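The following exercises are to be worked through with the sequence and the model at hand. Each task is followed by a solution in steps.

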Amino acid sequence: KGKAEMVGPTTAVVALWLAWSAAYDPKDRFAEHTARAIELDREGRLVESREAFEAAARFTPSTQTFTNLGVCYMRTASRSGERGSKVEFYHKAKEAMRKGGTLAVSSEDERLHKENWQALMTNFDIESIPAEGASVPAWLEEEEYEYDPRMCGRPPERREPPQEEIRRGDERHRDFLVHQRPVPRAPAIPRVTVEEVDDVTRYAERRDPFVLAGAAERWRSVRPASAWGWLEDLAARWPQAVVDFYPYNMLSTDRQSPFLARLPRAVFELKIANAPGQQRDHNSTFRYDKHALQGRYLHLQLTPEMWRELEDDRHIAPERHWHLDNDAWLDDCFADDRDLRREYHLKTHWKIVLAGAAGAGMFNHSDSLQTSSWHLHLAGRKWWYLCGDLSTGQRGACFEAILAPGDILYYGRGWSHETQNLDTPSITLTDTAVHHRNFLAVADKLHAECARSVLDFHFS
């Protein structure tokens, strides 16, 4: 901003800081451990920062020092690519925050503990960390179900916890959602046209999320004459394809695993609305459960051969915008090993068709492989909510948008996201993007999987 406004530290201040830094001893019970821990964290000296947070909790035990230590352990766990280390530090975080909760002496202590405990439990859920004997709240007591020989698997055995009721007039209420979500309103996801995207550096270099318009206008899959007809065409094309089918909504706080189903059966089930008598009246394989959040959907993992079929029939344009063409490195890595390439695509969910009913969605999560993704909306509308760090340095930025057919959403690695369909059916085609901004993180994850099975893909 000009020399006149530039102010730097004096030599004396620098000398004092260096003396303070050099003199710090984590074994000194009278040292300013918390301040030093924060400074070390800013410098990227994470192990030393953790030692300082541990010293602060040891010498000055309080809700704040133990919560700080728990957050430090939680951040260490989330960064770890080794499953054993990740689980160990998450449980250290849990124990530190539990201790901090017992030391609360004020409403501010209770607020601090509650906020960070909820964040920790969310991470436990997202990263599938075992709870190790956590007590079961009253709302999770099992309910008896009558035996039904037509039942596929067992419905959710645990009730939904009491959900925060978001009424009209609450600024978080969104009239268009089937299931209200307890997240604050956020600015719209930035939107650019195919003519503009390469002129905006942060989008051309894929630094920040954006919606790309006009890049798929000639794709046959976009705005099909009949959305159900398009899905039925896929089912007729690949009758033996196996999909992940979710009869109960994954927006639920009581997460449900998918059932494996052939694609024709999954499309048939997707048409059935969750309601009492769905087995008797509509021949559904799945029984109705009044406690489960309503909204069915399916994931169809596409093999390279299936993707190529869609290209050959112009459902996917073979010549497309460069943002949507990410396979060159796969060609180099796998060469002519079709079986290995097929296995890789199926186990990593590299390319997917997603379809669901209104209200169906996915809980807030980030992608385990640290990749980036683009999502092309083919039919119906879908609400997206994204949070992450912007290239400007802003941390924890959130955006939301309702995407319509033809819209393409891109987001980078580490961005958490949740969704909810607004129409039946809503259909999305998604592909994974590896590029110069994320390939090291992806390589680290894949190496950890091959060496230690941290993601449980179990590649052959």
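A residue counts as buried when its relative accessible area is under 20%, as exposed when it is over 50%, and as partly exposed in between. The model examined here is predicted. Of the 460 residues of the protein, 48% count as buried, and the fold holds 14 helices and 13 strands.

**Exercise 1. Aromatic pairs**

Determine how the rings of F210 and Y410 are arranged, and which parts of the chain they tie together.

Step 1. The structure contains 17 aromatic pairs. In the pair of F210 and Y410, the ring centres are 5.5 Å apart and the planes meet at 35°. Planes under 30 degrees apart would count as stacked and those over 60 as edge-to-face, so the remaining class is tilted. The pair of F210 and Y410 is therefore tilted.

Step 2. F210 belongs to strand β2 (residues 210–213) and Y410 to strand β11 (residues 408–411), so the pair ties together parts that are 200 residues apart in sequence.

Step 3. F210 and Y410 are both buried.

Step 4. W383 and Y385 also form a tilted pair, at 5.8 Å centre to centre and 45° between the planes. W383 has 0% relative accessibility and counts as buried; Y385, at 5%, is buried as well.

Step 5. Elsewhere, ring pairs link W329, F334, Y344, W350, F457 and F459 into a cluster.

**Exercise 2. The lysine in strand β9**

Establish whether K382 is buried or exposed, and which side chain of opposite charge is nearest to K382.

Step 1. K382 lies in strand β9, which spans residues 382–388.

Step 2. K382 is buried but has no salt bridge. The nearest side chain of opposite charge is that of D423, 11 Å away. A salt bridge requires the nitrogen and oxygen atoms to be within 4 Å, so this separation does not qualify.

Step 3. The side chain of K382 does make a polar contact of 3.3 Å with the side chain of T428. Beyond its neighbours within four places in sequence, K382 touches residues including H377, A401, L403 and L422.

Step 4. D423 forms a salt bridge with R381, at 2.8 Å from N to O. R381 sits in the loop between β8 and β9, and D423 in the loop between β12 and β13, 42 residues apart. Both are partly exposed, R381 at 35% and D423 at 24%.

**Exercise 3. Two further salt bridges**

State where D431 and K351 lie in the chain, then assess the accessibility of R237 and E309.

Step 1. The structure has 33 salt bridges. One of them joins D431 and K351 at 3.0 Å, N to O. D431 is in strand β13 (residues 426–433) and K351 in strand β6 (residues 351–356), 80 residues apart. D431, at 0%, and K351, at 1%, both count as buried.

Step 2. R237 and E309 form another salt bridge, their closest N and O atoms 3.3 Å apart. R237 lies in helix α8 and E309 in helix α11, so the pair ties together parts that are 72 residues apart in sequence. R237 is partly exposed at 24%, as is E309 at 32%.

**Exercise 4. The disulfide**

Identify which cysteines form the disulfide and which strands they lie in.

Step 1. One disulfide is found in the whole structure. C387 and C398 form this link, with sulfur atoms 2.0 Å apart.

Step 2. C387 lies in strand β9 and C398 in strand β10 (residues 397–403), so parts 11 residues apart in sequence are tied together.

Technical notes. Residues numbered from 1 in each chain as written. Predicted model: local features only at pLDDT ≥ 70, side-chain atom pairs only at ≥ 80, totals over all residues. Heavy atoms only, no water. Helix = DSSP H or I, 4+ residues; strand = E, 2+ residues; numbered from the N terminus. Buried < 20%, exposed > 50% of the residue type's maximum accessible area, 1.4 Å probe, protein only. Lys, Arg positive; Asp, Glu negative; His and termini not counted. Polar contact = N/O pair within 3.5 Å; in protein donor to acceptor, adjacent residues only side chain to side chain. Contact = heavy atoms within 4.5 Å. Disulfide = S-S within 2.5 Å. Phe/Tyr/Trp six-rings, centres within 6.5 Å; stacked < 30°, edge-to-face > 60°.
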